[in-house]
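Reader: I'd like a close look at one single part of this model, taken slowly. Could you walk me through it once it's up on the screen?

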Amino acid sequence: MDANTVDFISSSPSQTLRFGARIGELLRPGDLVCLHGDLGTGKTTLVQGIARGWGSSRAARSPTFLLVHEYKRADGMVLFHLDAFRLRNGEFPGLEVEDALGNGAIVVEWPDRLEGILPDDRLKVEIWWIDETRRNVRIESKGARSEEILRAFRKLAFGS
Ligand SMILES: Nc1ncnc2c1ncn2[C@@H]1O[C@H](COP(=O)(O)OP(=O)(O)OP(=O)(O)O)[C@@H](O)[C@H]1O
Ligand SMILES: [Mg+2]
């Protein structure tokens, strides 16, 4: 596996939460995480872990758009959780990506719907169903900042 990829198996929902928390504690305002995977593979479960690591596990529905959940932590920074599944036209009504990244980090489910408005430098997470309780997770970095996050994640999660 090359330096820009980490591949592992999560054996339970709680393990996925813990991996998510490792990611969440490394995120800073301006960071983007894109989640790919079929329905029910565990994207939202991972986001719940990311929010915990980010420092806020209580989601508020966005005042402007119902497909956005906002996790605001003590310093005022927000983790924006976008579910783009129902979108088609390459935009996210009620959310300016630039503004959001100025105020926090973004995690997107079904990012393919939004290509064109999302920055290239992102952590690309893919999740595959193995069986009832196991998922294959692959995380790839797509730029300098995401590479830095991935390196730190590898150290935190696997000690290497
Ligand atoms: N190892 C695992 N990691 C994550 N979830 C798991 C795992 N094993 C079983 N599950 C179950 O799989 C389901 C994942 O649901 P979740 O809502 O997180 O998926 P999703 O990818 O967000 O789906 P959707 O595409 O519908 O938004 C949950 O019911 C969870 O308990
Ligand atoms: Mg989901």
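Which are the buried residues of α1? And please go on from there to whatever α1 packs with.

Author: Sure, and keep in mind that this is a predicted model. In α1, the buried residues are Thr-16, Leu-17, Phe-19, Gly-20, Ala-21, Ile-23 and Gly-24. The helix itself runs over residues 13-24. Its 12 residues, at 1.5 Å a residue, should span 16 Å, and because the end C-alpha atoms sit 16 Å apart, the expected and modelled spans agree.

So what covers those buried residues of α1? The cover includes three strands and two helices: β1 (5-10), β2 (32-37) and β8 (135-141), along with α2 (43-54) and α4 (144-158).

Let's stay with α2 for a while. In general, a pair of packed helices is described by the angle between the axes and the distance between them. For α1 and α2, the angle is about 45° and the axes are 6 Å apart. The two helices are therefore oblique to each other, and α1 passes α2 in a right-handed crossing.

Who actually meets whom here? From α1 come Pro-13, Thr-16, Leu-17, Arg-18, Phe-19, Gly-20, Ala-21, Arg-22, Ile-23 and Gly-24, and on the α2 side they meet Thr-45, Leu-46, Val-47, Gln-48, Gly-49, Ile-50, Ala-51, Arg-52, Gly-53 and Trp-54. Sorted by class, this contact has 10 nonpolar, 7 polar and 3 charged residues.

Now α2 in its own right. Here too the length checks out: 12 residues at 1.5 Å each should span 16 Å, and the end C-alpha atoms are 16 Å apart. Of those 12 residues, 9 are buried, so α2 is largely enclosed by the rest of the structure. The buried ones are Lys-43, Thr-45, Leu-46, Val-47, Gly-49, Ile-50, Ala-51, Gly-53 and Trp-54. Besides α1, they pack against the strands β2, β4 (68-72), β5 (78-83), β6 (104-109) and β7 (123-129). Just past the end of α2, Gly-55 takes a positive phi of about 115°.

One last stop, back at α4, which is among the elements covering the buried residues of α1. Leu-156 is found in α4. Since Leu-156 has 15 C-beta neighbours inside 10 Å, and a buried residue needs 20 or more, it counts as partly exposed. Along the chain, Leu-156 is 129 residues from Leu-27, while in space the two are 13 Å apart, C-alpha to C-alpha.

Notes. Residues are numbered from 1 along each chain as its sequence is written. Chains are lettered from A and ligands numbered from 1 in the order in which they are written. This is a predicted model: local features need pLDDT of at least 70, side-chain atom pairs count only at pLDDT 80 or more; totals for chains, interfaces and linings use all residues. Helices (H or I, at least four residues) and strands (E, at least two) are DSSP runs, numbered from the N terminus. The expected span of a helix is 1.5 Å times one less than its number of residues. Two residues are in contact if their C-beta atoms, placed from the backbone, lie within 7 Å. Axes are lines fitted to C-alpha atoms, for helices over the stretch in contact, and angles run from 0 to 180 degrees between N-to-C directions. Angles under 35 degrees count as roughly parallel, over 145 as roughly antiparallel, 65 to 115 as roughly perpendicular and the rest as oblique. A crossing is left-handed if the near helix is turned anticlockwise from the far one by less than a right angle, and right-handed if clockwise. Ala, Val, Leu, Ile, Met, Phe, Trp, Tyr, Cys and Pro count as nonpolar, Asp, Glu, Lys and Arg as charged, and the others, Gly among them, as polar.
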